[in-house]
Amino acid sequence: MHGTVTVVDKGAVRVRSYMAPDDSLNVTTQLIETPARIIAVDGQYALGYADEVVAYAQGLGKPIDRLIVTHAHPDHFHGAARFGAPVHALAAVRDQIAAQGDAQDPTGTVIPAADVTPTVEITPGTEVIDGVPFVFEAVSGGEAADELVIKLPEQGVLVAQDLVYHATHLFLGNNDIAGWQRAIDMLATEASYDTILSGHGLPAGPDVYAEIGRYLTDARALLGDDGEAYKKAILERYPSYGGPFLIDIGNQYLFGAQGA
């Protein structure tokens, strides 16, 4: 296996967090294993890694009930069709994915928009799936324009996805550091959740919020009008962090070709 699987055992629920290698941005798919089924969260960027996580899930001997896509960044939905299950998302996220049109896998394989656009709308609130309460909350602003947060209150698990990165450089292309900090501050008040699942990086504890806050503060101070200067400075500040290509992608949004 090229990716890394971290298992978090919560009794009736077991979370298997699949993190892709560095060459695919350390993006994570969460496999939430309930007594009789699997709820998958986010569908990977490279189709090869989507296939790998699906093969792993199938080896667990339970059906994939659904794939939930938390936001409309391609690294979280390109592999959606590989899961062979209904794709769920907030209405805003569904519309944003559809508006992007057809895309390409890093290998050049065409990904038709119709194949990955969610077909089941998530309404914020609580849904009991296989006896397990799932709380769905919509968050606006931050790493993406609209994001879904999933909470499992009985297990103390908070699926933050791209509102939380763990020991990985942040994608700042949405140009909303203030909104991201507000979202992190909001999540940090949820003291009953001891397991935080990130969209890039391994599962973490609540201390991850302070880590992201420091990074956002540093990024705000270091960002100027030169993408390459920012990349050099933030790499020096966080030399052990993974996913440096995420800086390049963010710089393309912030600075255009100059920061690529």
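**Salt bridges and a buried glutamate**

Me: Glutamate 127 forms a salt bridge with arginine 66. What makes this pair a salt bridge?

Reply: Happy to explain, with the reminder that this is a predicted model. The closest N and O atoms of glutamate 127 and arginine 66 are 3.2 Å apart. The cut-off is 4 Å between a side-chain nitrogen of Lys or Arg and a carboxyl oxygen of Asp or Glu, so the pair qualifies.

Me: Why is this pair said to tie together parts of the chain?

Reply: Glutamate 127 sits in strand E10 (residues 125-129) and arginine 66 in strand E5 (residues 64-68), so the bridge ties together parts that are 61 residues apart in sequence.

Me: Why is arginine 66 called buried, and why is glutamate 127 called partly exposed?

Reply: Buried means under 20% relative accessible area, and arginine 66 has 8%, so the word fits. Glutamate 127 has 32%, which falls between 20% and 50%, so glutamate 127 is partly exposed.

Me: And what about aspartate 218 and arginine 237: what makes them a salt bridge?

Reply: Their side chains meet at 3.2 Å, N to O, and that is within 4 Å, so the name applies. This pair links helix H5 (residues 208-222), which holds aspartate 218, to helix H6 (residues 227-237), which holds arginine 237.

Me: How do you know whether glutamate 147 is buried or exposed?

Reply: Its relative accessibility is 0%, which is under 20%, so glutamate 147 counts as buried. Glutamate 147 lies in strand E12 (residues 146-152), and its side chain reaches the backbone nitrogen of alanine 144 at 3.1 Å.

Definitions and conventions: Residues are numbered from 1 along each chain as its sequence is written. This is a predicted model: local features need pLDDT of at least 70, side-chain atom pairs count only at pLDDT 80 or more; totals for chains, interfaces and linings use all residues. Side-chain values use heavy atoms; hydrogens and water are left out. Helices (H or I, at least four residues) and strands (E, at least two) are DSSP runs, numbered from the N terminus. Buried means under 20% relative accessible area, exposed over 50%, partly exposed in between (1.4 Å probe, protein chains only). A polar contact is a pair of N or O atoms within 3.5 Å; within protein, one must be able to donate a hydrogen and the other to accept it, and residues adjacent in sequence count only if both atoms are side-chain atoms.
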